[in-house]
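The following exercises are intended for a reader who meets this structure for the first time. Each task is followed by a worked solution.

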Amino acid sequence: MALQFYNTLARKKEEFKPINKGKVGIYACGPTVYNYAHIGNFRAYIFNDLLRRFLIWKGYQVNFVMNITDVDDKTIRDSRAQEKSLKEFTDFYTEEFFKDMQTLNILKADIHPRATDHIKEIQEIISKLKKNKHTYEKDGNIYFAINSMPDYGLLANLNWEELKENAQGRLESDEYEKDDARDFALWKAYSEDDGDVYWQGDCCTKGRPGWHIECSAMSTKYLGQPFDIHCGGVDLIFPHHTNEIAQSEGANKKKLANYWLHNEHLLVDGKKMSKSLGNFYTLRDLLDKGLKPFAIRYELLATHYRQQLNFTIEGVKAADQAIQRLQDFILRLKKADGHDYNVEQLVEVTRKNFESALEDDLNISNALAVLFDFVKQVNVELEAGSISKDNSKFLLDFLASLDCVLGIMTFEDDKIPKHIEQLVRQREQTRKSKDFKEADKIRDQVKEEGYVIEDGADGPVIKKI
Ligand SMILES: [Zn+2]
C-alpha cells in the first residue's frame, strides 16, 4: 500500500507525495509558553512525534519544525503580573516544556524557532501583504482584509455566512476597530498593557505581531513555500490555520503546505478538560499521582489521531500493564537460551503488517495489534524453549526498530527510568525552596523504587540499589 494521509484540505485520504524525493518538511504549531503544557497539548505533540518517527523509519529525511509562541496577549499579561521580563518568563516555561517533552520521550524538533526572534521576517510578510493590497490600517493596527482573498476559508470549508457567525463569538476578545468582524490583526498597536514589549519597523508603527502571522513567518523561513505537511489540533483549523494560509499565500502567491493533518480533541473522563470541572491535567499532575511517563505516552499514542481520545486514569493504568507486558517480554528474550528456530519469516510478516498499518493514515491501533500478536507468537516459542541466543538478538534488534516508531520500550537494564529522573528533578525543586521534609519524602519514594540519590557538588547522582 502506498503511504497515505487524511488531508483536511481535500477532506479525504490522499497518497503522500513529497515535494523533494526522499525528503519531508513538517511544521507543527507549538506551545504558547505562559504556563505548563496540559495533556491535550501533549496528545497533539505525540501525534506529531509518531508521524515524524514513522517517516524517518521509512527512510525519509525529515526536517521537523515546531515553533514556540513567546509573545501574545497571555504571555504579556502573565509576565507582567509576575513582574518578570517577557524573556525571563517565557524562557522558564520553554525549558519546562522541553523537560516534559523529554519525559514523554517526544523527540526534540530539528528547529524550535521562537516568535520574538523572527520579528524581521514577520514584518517582511506584512510589507508584502501591504504591497499586494491585502491590508488596511486603523490607529496603528494592521488588519488582513478577508474580502481581498476569494479563497479564504477553504481549509475550514466555511461559507461566508458560517464564517460570520463563527467570527462573532470567537473574535470578540480580540476586537479592535475593524472594517469587518472577520478581519484579523497582523500587527497590534502598542497599548499601556504591553509594558516594555514592542517593536517597530518600516511597515509597522510601535506594536507587536498578531499570533497567526508568527507561524506564517517561521514555517516559510525554515521549510520554504510550499512545504509538505502542516499539523496541529482540529481547534486550530479556524481561525489560526485558515489565517496562516491567507497570510502566506497572500504575501508569496504560492500554496503554503500540501498536506494538512489535524488531530482530534482529548476528553478527560468523557468531558472537555477544564479547571472548573477538576479534570485538567498537566504532565506533572499525572506524575504526582504516581503514573509512569511511558504509560502516559502509550495512552496518548494508542488512539488514532483523528478520533477523540477519552483520557482516564484507569486507561493509563491499563496502558502501564501493556508496557509491562512488553518489558517482561524483553526480559524473557534476553534470557532465552533454547535451540535455534526460524524466526525470519515471522519478523518479515510482522514488519510488513506494522508498516502497512501505519501507512494507512497512521493506523496505530492496527500497528499495536500487530506488535502484540508478534509478542504472543514469540512467547509461545519461548515457552517451548525454541528461541536461541542468536534468535533472541535478532528479535530484540527487530523490536528495537519498531520502537524507533513507538518510543515506548526500554532496552537497557541499567537505564534510570524517566519517572525516577522526574522525581529527582522535583526533589531538587523542593530543596531549592527549602522544603526539606518534602525532599526527604521524595528521596524515600525513590528508594522504594530501588534507587538512591547521592547529592554531589554537581547536583544529584541517581544509582540503582
Ligand atoms: Zn501555528
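## Exercise 1: Helix H7

Of the 16 residues of H7, 14 are buried, so this helix is largely enclosed by the rest of the structure. The model is a predicted one.

Task. Determine how the length of H7 compares with the expected value, and describe what is found at Pro239 and just after the helix.

Solution. Step one concerns length. With 16 residues, H7 is expected to span 22 Å at 1.5 Å a residue, and the distance from its first C-alpha to its last is 21 Å, close to that value.

Step two concerns the proline. Pro239 is placed in H7, which covers residues 237-252. The peptide bond that joins Phe238 to Pro239 is cis, with omega near 5°.

Step three concerns the residue just after H7. Lys253 takes a positive phi of about 55° there.

## Exercise 2: Helix H13 and its two sides

Task. Establish whether the span of H13 agrees with its number of residues, and state which residues of H13 are buried and which are exposed on the face turned away from them.

Solution. Begin with the span. H13 comprises the 18 residues 389-406, which should span 26 Å at 1.5 Å a residue; the end C-alpha atoms are 25 Å apart, which agrees.

Next, list the buried residues, those under 20% relative accessible area. In H13 they are Asn391, Ser392, Leu395, Leu396, Phe398, Leu399, Leu402, Asp403, Val405 and Leu406. Viewed down the axis of H13, these residues fall within an arc of 165°, so they line one face of the helix.

Then identify the partners of the buried residues. They pack against helices H1 (39-57), H9 (293-301), H10 (313-335), H11 (344-359) and H12 (364-383).

Turn now to the face directed away from the buried side of H13. Lys389, Asp390 and Lys393 are the exposed residues that it carries.

Finally, look past the end of the helix. Gly407 follows H13 and has a positive phi, near 65°.

## Exercise 3: The packing of H9 and H10

Task. Classify the arrangement of H9 and H10 from the angle between them, and describe the residues of their contact.

Solution. The angle at which H9 and H10 pack is about 110°, and their axes are 8 Å apart. Angles of 65 to 115 degrees count as roughly perpendicular. H9 and H10 are therefore roughly perpendicular to each other.

The contact itself is made from the H9 side by Phe294, Ala295, Ile296, Tyr298 and Glu299, and from the H10 side by Gly315, Val316, Ala319, Asp320, Ala322 and Ile323. Sorted by class, the contact has eight nonpolar residues, one polar residue and two charged residues.

## Exercise 4: Backbone geometry in loops

Task. Describe the backbone geometry at Pro226, Glu83 and Asp139, and state where each residue is found.

Solution. As a reference, most residues other than glycine have a negative phi, and most peptide bonds are trans.

Take the peptide bond first. From Gln225 to Pro226 the bond is cis, with omega near 0°. Pro226 is located in the loop between helix H6 (211-223) and strand E9 (227-233).

Next, consider Glu83. This residue is not a glycine, yet its phi is positive, near 55°. Glu83 belongs to the loop between helix H2 (73-81) and helix H3 (86-103), and at 76% relative accessibility it counts as exposed.

Last, consider Asp139. Its phi is also positive, about 50°, although Asp139 is not a glycine. The residue is found in the loop between strands E5 (135-138) and E6 (141-144). With a relative accessibility of 68%, Asp139 counts as exposed.

## Exercise 5: Residues of helices H4 and H11

Task. Decide whether Gln123, Ile126 and Glu359 are buried or exposed, and name the residues that they touch.

Solution. Gln123 lies in H4, residues 119-131. Its relative accessibility is 11%, and it counts as buried. Leaving aside neighbours within four places in sequence, Gln123 is in contact with Trp187, Trp199, Gln200, Gly201, Cys203 and Cys204.

Ile126 also lies in H4. Its relative accessible area is 0%, and it is buried. With residues up to four places away not counted, Ile126 touches Ile142, Leu186, Trp187, Cys203, Cys204 and Ile213.

Glu359 lies in H11. This residue is buried, with a relative accessible area of 7%. Not counting residues up to four places away in sequence, Glu359 touches Met1, Ala2, Leu3, Gln4, Phe54 and Lys58.

Notes
Residues numbered from 1 in each chain as written. Predicted model: local features only at pLDDT ≥ 70, side-chain atom pairs only at ≥ 80, totals over all residues. Heavy atoms only, no water. Helix = DSSP H or I, 4+ residues; strand = E, 2+ residues; numbered from the N terminus. Expected span 1.5 Å × (residues − 1). Buried < 20%, exposed > 50% of the residue type's maximum accessible area, 1.4 Å probe, protein only. Arc of directions from axis to C-beta. Contact = heavy atoms within 4.5 Å. Axes fitted to C-alpha atoms, helices over the stretch in contact; angles between N-to-C directions. Parallel < 35°, antiparallel > 145°, perpendicular 65-115°, else oblique. Nonpolar A, V, L, I, M, F, W, Y, C, P; charged D, E, K, R; others polar.
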